[in-house]
Amino acid sequence: MTEFTFELRVCQWAERHWPPTGDSSDKCVLIARQLGTNHRRWDTIVIETDRRRLAERARFGADRLDGDLLRVVRNAPTEWAYYRDVLPEPSYPWRYVRDAIHTATDRGILETRRRGNRVEIRRKWEYPDWVDRIVAIENKPDLDASAARTLTEQLQHDVALALADAVWVATRATGETVEPALLEQLPVETGILTVATDDDRASTDRGTDASVVWHPRSLDRTAVGTRILDRSADNESDLSVARFEYADPEWKATKRLEIAERAYERGWRSYVDSMRPDCRWFSLRSIDGDVLPWCGANACSQSSAECSGRCPSFEPEPPNWRTRGWPLAGGPGAAIKRLLDEQRRRHRIGLGE
């Protein structure tokens with residue numbers, strides 16, 4: 001099983017069964033993949049929230065709010081006011097703030113009017129504090145010694161920065177009395193999930209199952225974080241000094257919200273955007289209860305790197321496939337993208353309701 005396929009299965013498991021502790025509280029989650037900062041990208045992200053606040057976030061639309069838009073909608077007043085009087089002083093020219101104001105107005109999430117030469121703004125809704133927790137999951141189906149060493153350094157960065165509330169490692173269950181992941185030098189703050197899956201084969205049996213073999217510690221997102229830039233090797237001959245910098249809580253809070261917004265927009269089903277569903281061999285197939293992309297030419301659940309126009313088996317859909325339905329709705333590839341988008345929309349409560 002490729003790491004990409006394993007990652008999709010973990011995403012589907014988390015969407016159905018999170019939290020792994022079995023807590024039955026009235027929480028809902030958004031699952032996304034391959035998001036993070038310029039220095040660190042996580043395989044899977046779990047955004048914990050509740051239905052009411054998720055519905056309040058939905059009023060701002062399905063697209064993400066970037067840092068500029070967040071600055072505007074979070075600080076817009078309840079009564080009309082000149083934008084320079086109510087918005088925080090930016091670290092860049094005000095013209096970019098005006099661009100964000102016009103974008104927010106075009107999206108229908110901010111009210112504006114002109115009073116002479118001044119642009120005044122007023123909020124339509126209060127932007128909710130909708131994110132409870134952000135949980136990062138690193139997916140390593142085959143956690144051998146080499147992969148564990150690389151992963152250990154990444155996890156140490158995550159723990160020191162404490163941008164996420166908790167960090168997990170998901171690895172394939174081996175069935176041994178002591179799972180190999182427990183014997184690796186992973187940070188003790190990191191939780192470990194063992195994921196049980198069968199080999200890739202067509203089936204409609206139960207979905208992916210996961211068990212907790214080590215519980216994570218909660219990280220302090222409100223404290224100053226440490227961003228490790230460089231570190232010395234663990235040997236006596238390396239006399240270099242580790243380099244690091246501090247990340248203040250305000251930066252962390254802003255970055256967490258930007259990550260949550262990107263997760264809200266993308267979800268995990270956006271993987272299809274980097275593949276070629278317009279290939280005649282591309283389809284979705286239920287494998288052990290999980291829905292995964294399937295390549296009919298190679299009879300496997302392919303990765304996004306393999307599924308591209310450079311694939312020697314790539315064949316465009318026949319033209320007559322794309323003219324089915326009225327109005328013209330495209331072929332099976334377009335239908336797959338609509339299906340995944342509708343499933344993603346369904347998990348963002350409040351959209352279209």
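Which backbone nitrogen lies 3.1 Å from a polar atom of the side chain of glutamine 302? In this predicted model, that partner is the backbone nitrogen of cysteine 295, and the side chain of glutamine 302 also reaches the backbone nitrogen of tryptophan 294, at 3.4 Å. Glutamine 302 itself is found in a loop, the one that runs between the strand β13 (290–295) and the helix α9 (332–346). Its relative accessible area is 4%, and because residues under 20% count as buried, glutamine 302 is described as buried. Leaving aside residues up to four places away in sequence, glutamine 302 touches a set of residues that includes Phe4, Thr5, Met275, Phe282 and Cys307.

From this residue we can turn to the enclosed spaces of the structure, which holds two cavities of 30 Å³ or more. The largest cavity contains about 90 Å³ of space, and the elements that give two or more residues to its lining are β1 (28–36) and α8 (249–266). The largest share of that lining, three residues, comes from β1. Among the residues that line the largest cavity are Glu15, Tyr264, Trp268 and His347, and the lining as a whole divides into six nonpolar, two polar and four charged residues.

The second largest cavity holds about 30 Å³ of space, and it is lined by Val10, Trp13, Ala170, Leu193, Val195, Thr208 and Ala210. Here α1 (3–17) and β8 (191–196) each supply at least two residues of the lining, which divides into six nonpolar residues, one polar residue and no charged residues.

Terms used: Residues are numbered from 1 along each chain as its sequence is written. This is a predicted model: local features need pLDDT of at least 70, side-chain atom pairs count only at pLDDT 80 or more; totals for chains, interfaces and linings use all residues. Side-chain values use heavy atoms; hydrogens and water are left out. Helices (H or I, at least four residues) and strands (E, at least two) are DSSP runs, numbered from the N terminus. Buried means under 20% relative accessible area, exposed over 50%, partly exposed in between (1.4 Å probe, protein chains only). A polar contact is a pair of N or O atoms within 3.5 Å; within protein, one must be able to donate a hydrogen and the other to accept it, and residues adjacent in sequence count only if both atoms are side-chain atoms. Contact means heavy atoms within 4.5 Å. On a 1 Å grid over the protein atoms alone, a cavity is a set of points where a 1.4 Å probe fits but cannot get out, and a pocket is an open set with protein on both sides within 12 Å along at least five of seven lines; lining residues have an atom within 4 Å of a point. Grid points are joined across faces, edges and corners, and a volume is the space filled by probe spheres set on the points. Ala, Val, Leu, Ile, Met, Phe, Trp, Tyr, Cys and Pro count as nonpolar, Asp, Glu, Lys and Arg as charged, and the others, Gly among them, as polar.
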